[in-house]
Amino acid sequence: MASEEASLRALESLMTEFFHDCTTNERKREIEELLNNFAQQIGAWRFCLYFLSSTRNDYVMMYSLTVFENLINKMWLGVPSQDKMEIRSCLPKLLLAHHKTLPYFIRNKLCKVIVDIGRQDWPMFYHDFFTNILQLIQSPVTTPLGLIMLKTTSEELACPREDLSVARKEELRKLLLDQVQTVLGLLTGILETVWDKHSVTAATPPPSPTSGESGDLLSNLLQSPSSAKLLNQPIPILDVESEYICSLALECLAHLFSWIPLSASITPSLLTTIFHFARFGCDIRARKMASVNGSSQNCVSGQERGRLGVLAMSCINELMSKNCVPMEFEEYLLRMFQQTFYLLQKITKDNNAHTVKSRLEELDESYIEKFTDFLRLFVSVHLRRIESYSQFPVVEFLTLLFKYTFHQPTHEGYFSCLDIWTLFLDYLTSKIKSRLGDKEAVLNRYEDALVLLLTEVLNRIQFRYNQAQLEELDDETLDDDQTEWQRYLRQSLEVVAKVMELLPTHAFSTLFPVLQDNLEVYLGLQQFIVTSGSGHRLNITAENDCRRLHCSLRDLSSLLQAVGRLAEYFIGDVFAARFNDALTVVERLVKVTLYGSQIKLYNIETAVPSVLKPDLIDVHAQSLAALQAYSHWLAQYCSEVHRQNTQQFVTLISTTMDAITPLISTKVQDKLLLSACHLLVSLATTVRPVFLISIPAVQKVFNRITDASALRLVDKAQVLVCRALSNILLLPWPNLPENEQQWPVRSINHASLISALSRDYRNLKPSAVAPQRKMPLDDTKLIIHQTLSVLEDIVENISGESTKSRQICYQSLQESVQVSLALFPAFIHQSDVTDEMLSFFLTLFRGLRVQMGVPFTEQIIQTFLNMFTREQLAESILHEGSTGCRVVEKFLKILQVVVQEPGQVFKPFLPSIIALCMEQVYPIIAERPSPDVKAELFELLFRTLHHNWRYFFKSTVLASVQRGIAEEQMENEPQFSAIMQAFGQSFLQPDIHLFKQNLFYLETLNTKQKLYHKDLPSFTQNVHRLVNDLRYYRLCNDSLPPGTVKL
């Protein structure tokens, strides 16, 4: 034993040294290597068994268990049978002897190691594994240990990791399912025994019916008075040990319910018991009593009692999440809902001592989360089957949900409840669509609840009613591209919109008057504007008035967003029916936007500039955005009146342009400028009135953008305005025949526009007459960036339009495209410029390749193939970082467009493209771990094969029928084989996304072209076998003793 003792002392010393603050990283690596070497030795487990029984050092015990874990999970196949028997015998004995004194994390790890053995050997070689667990649970002394073993078994055997074969996984699940009834019976018994032992029903009678604990709603929700009486029993006060046993039992149930099917094994008595424990989470009096008693007795605290409620709700939610409900289990479900809604009524009940909100604030936050999860699952999974039960009152449930929602103590809780209402509204909408005949009956049933919901949600987004809460929301920090305030508003408006879809008249009549009230305040500001030395000033200075104005402006901004969100419910089939309401809204929005632009509220001086100025800018921007939301309504209005061009419609558009034009300026804040630009794009693209180009305000924008001396707008705004002006000239006018489209004059105007926009860019091209004057590189790059960003956007937005529009567009762009090709070689080593040029060419190839014509397209492709030499590709990929890789990726994307082109025009380029891929790009990226360029390269190879199969297999249909597919004559075999080998090599690399993509490509080729039927290299014939066998070989290798020849 001396050597074992010496080894133990040495190990304790090493472990203490390893975790000491002063130990260097280098020394830690040395110790780690020593420990790993020891763990790999045959028979190391014997030492570890001794260490576990002889040490009190936590680090040594944890290390020893890790050695066992590694042995069992990775090397068990190679362990001699006698050694396995010894390990199976010794470890449970060790656990039984020391479980009360071991630290909990060591005990849990030891349980896990024993369960790992069961995972491998039960029942064949470890037949009493599960019987032992049941015996531990049944013995009062070891009940907690048995429950820990049971939960670990459920986790590790019912939901095993990927290192077990499918057959073994299925076997384990079947073995466990055979034990479910017994296990659930034991757990029910444990929970009932604890409850009955501590119950005080005999001493304290339940509250009388007149005490206010039960009412009409309660009797509706619960079928029988006896169940209400049962749930009204006082909650027992548990001692610490009982609480611990119950929490373990509930944890076991929650995990078991996550995988066992709903069946008769889950008995009514078990469900009732779980609901008893769910009450621990919502009984505030009992928690307070426990807190008082806990100071002098061996009782659990209120917080720990709350935890039992959380665990019980976890069990309920696991059952709730199952969508597949057997007929015989539906009655149980109904009972569960009734009992849970009893709890919901309990925690949303108003009385003298508590408001609903203060009651919810006193409950455990986790309990509230679980309860909300339950409500979400009820609505999303079960409402459709429960609504048909006459004894389940859905409207009363919505009343409770309403109280629960609008008294949530946290923003997150409120968000989660809004999600539940969204699910309910979706359910209602789909139900009405599937049963249109019952629409009125369904809406009448829920109308009051929906109107109440709409009113309250609208109140919650207004500072006028909810200032304290709204001021807590963060409106600066971005999370998933939105601030907390934006998320709050967006989720609220989604609920408003869904109610609008169901009850349009009610929703509009609720929202519009509120909007009007706030608009009156905003439109009335003009009377407070006074002229000062430096400009105009808002003469509202009292602190209280400024605060009220701030709140009103914030509310107006939110309500404008709400009105914008509802625009879709005024178009389509309901356009005529709801025309007057929509016209009222649009006229108000046009008036507001013009008002803001005319009196320039965005530039006005205020008493509190850091608050009121952003408010005024935001209201102006939101009024433009809301008006933009009605562009589809305006388009439908335009098509209805296109023959008459009624003055009303013309006035709407002209006034809108009068509101937009003053904002197209470098002196206007970006937020407002961009809102105006987006509205202009919508008018040009969606509405497309014939008279738009003749409006003086539009002419003013044309002049401003084409004036070389005018200051350029910020990039994004410049791009949007140019897109709008281009679309005004290029897009066909709706409802007009071709001969009335005025293409000749529009074509001339478009050419002038593009000429003005590309003036500086075209001057960059050197010529024999005027050699290029030297310009600083940064200035040249700026001109290239500014011009190409505008031109690329124009092409992208016209690419799906009519042939005539694309023809005119290319005629205007032709010279700029030729300049781009001429400049390209000069900037081949400037990857940022090359990146932008290739983006432009990629957009051209996708949208205008027919208009460019074959000769010029060939010239472009040849230029690119010549420029991207092996050296240039290596420089881009290896030395220029992400920009260089993006350049190559865009080049490959252009080639993807080329190889997909039908017909014979670009077929002569195939050999060069394949050579470029396989001889120049592939060798550079093949062994690089980085995923850069690989996805694009393999997509290009796939598209080359997919769209050019006859380049490799040139057989006629008749020959295929006569000879059979397998005998198709193969051409260009070396290139085909090289492509297949590249695909094969990609499966051996660790990039899982590339693996998935390439497997999909090969499967597609097999489906379309019978790829796997060809006489191809061995890899493609055996690809499936290779993928399936790799993991198995690795596991086998890990199981073999050191020194063995590996597979």
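**Notes on a predicted model**

1. Val 719 is buried in this predicted model, with a relative accessible area of 14%, and its place is in helix 32, which spans residues 715-730. Leaving aside neighbours within four places in sequence, Val 719 is in contact with Ser 789, Val 790 and Asp 793. Val 719 and Gln 786 stand 67 residues apart in sequence, while the distance between them in space is 8.8 Å, C-alpha to C-alpha.

2. A similar reading can be made for Leu 679, which lies in helix 30 and is buried, its relative accessible area being 2%. When residues up to four places away in sequence are not counted, Leu 679 touches Leu 624, Leu 627, Gln 628, Thr 656 and Ile 660. Between Leu 679 and Ala 629 there are 8.7 Å in space, C-alpha to C-alpha, and the two are 50 residues apart in sequence.

3. Arg 688 deserves a careful look, since this residue has a positive phi of about 55° although it is not a glycine. The place of Arg 688 is in the loop between helix 30 (670-687) and helix 31 (696-706), and with a relative accessible area of 19% it counts as buried, because the cut-off for that term is under 20%. Arg 688 also appears among the residues that line the largest cavity, to which the next point turns.

4. A search of the whole structure finds 8 cavities of 30 Å³ or more, and the largest cavity holds about 60 Å³ of space. Besides Arg 688, the residues lining the largest cavity include Ala 684, Pro 689, Val 690, Trp 733 and Arg 746. Helix 32 gives the most to this lining, with 3 residues, and by class the lining of the largest cavity has 8 nonpolar, 1 polar and 2 charged residues.

5. The second largest cavity also has about 60 Å³ of space, and among the residues that line it are Phe 130, Leu 150, Thr 153, Gln 179, Leu 256 and Trp 259. Helix 8 (143-158) and helix 9 each supply at least two residues of the lining of the second largest cavity, with the largest share, 4 residues, coming from helix 9. The lining of the second largest cavity divides into 7 nonpolar and 3 polar residues, with no charged ones.

6. The second largest pocket contains about 550 Å³ of space, and of the 24 residues that line this pocket, Trp 485, Ser 557, Gln 561, Asp 618 and Gln 622 are the closest to its centre. Helix 23 (484-502), helix 25 (543-565) and helix 27 (609-629) each supply at least two residues of the lining of the second largest pocket, and helix 25 gives the most, with 8 residues. By class, the lining of this pocket has 8 nonpolar, 8 polar and 8 charged residues.

7. The largest nonpolar core has 354 residues, of which Leu 91, Phe 424 and Trp 633 touch the most other members. The largest share of this core, 12 residues, comes from helix 9, which covers residues 166-198. Leaving aside neighbours within four places in sequence, Leu 91 is in contact with Leu 49, Leu 52, Phe 68, Leu 110, Val 113, Ile 114 and Ile 117. As a general background, nonpolar side chains tend to be buried together in soluble globular proteins.

8. Lys 112 is found in helix 6 and, at 14% relative accessibility, counts as buried. Not counting residues up to four places away in sequence, Lys 112 touches Glu 69, Asn 73, Thr 152, Glu 156 and Arg 161.

9. Two further backbone details merit checking. The peptide bond from Trp 122 to Pro 123 is cis, with omega near 0°, and Pro 123 has its place in the loop between helix 6 (104-121) and helix 7 (129-138). Val 933 has a positive phi of about 75° although it is not a glycine; Val 933 lies in the loop between helix 41 (910-925) and helix 42 (934-947) and is buried, with a relative accessible area of 0%.

10. Strand 1 (residues 529-532) and strand 2 (residues 535-538) run antiparallel and are joined by 4 bridges. A hairpin joins strand 1 to strand 2 through 2 residues, and Ser 532 stands opposite Gly 535 in strand 2.

Notes. Residues are numbered from 1 along each chain as its sequence is written. This is a predicted model: local features need pLDDT of at least 70, side-chain atom pairs count only at pLDDT 80 or more; totals for chains, interfaces and linings use all residues. Side-chain values use heavy atoms; hydrogens and water are left out. Two strands pair if DSSP finds at least two bridges between them. Buried means under 20% relative accessible area, exposed over 50%, partly exposed in between (1.4 Å probe, protein chains only). Contact means heavy atoms within 4.5 Å. A nonpolar core is a set of buried Ala, Val, Leu, Ile, Met, Phe, Trp, Tyr and Cys residues joined through side-chain atoms within 4.5 Å. On a 1 Å grid over the protein atoms alone, a cavity is a set of points where a 1.4 Å probe fits but cannot get out, and a pocket is an open set with protein on both sides within 12 Å along at least five of seven lines; lining residues have an atom within 4 Å of a point. Grid points are joined across faces, edges and corners, and a volume is the space filled by probe spheres set on the points. Ala, Val, Leu, Ile, Met, Phe, Trp, Tyr, Cys and Pro count as nonpolar, Asp, Glu, Lys and Arg as charged, and the others, Gly among them, as polar.
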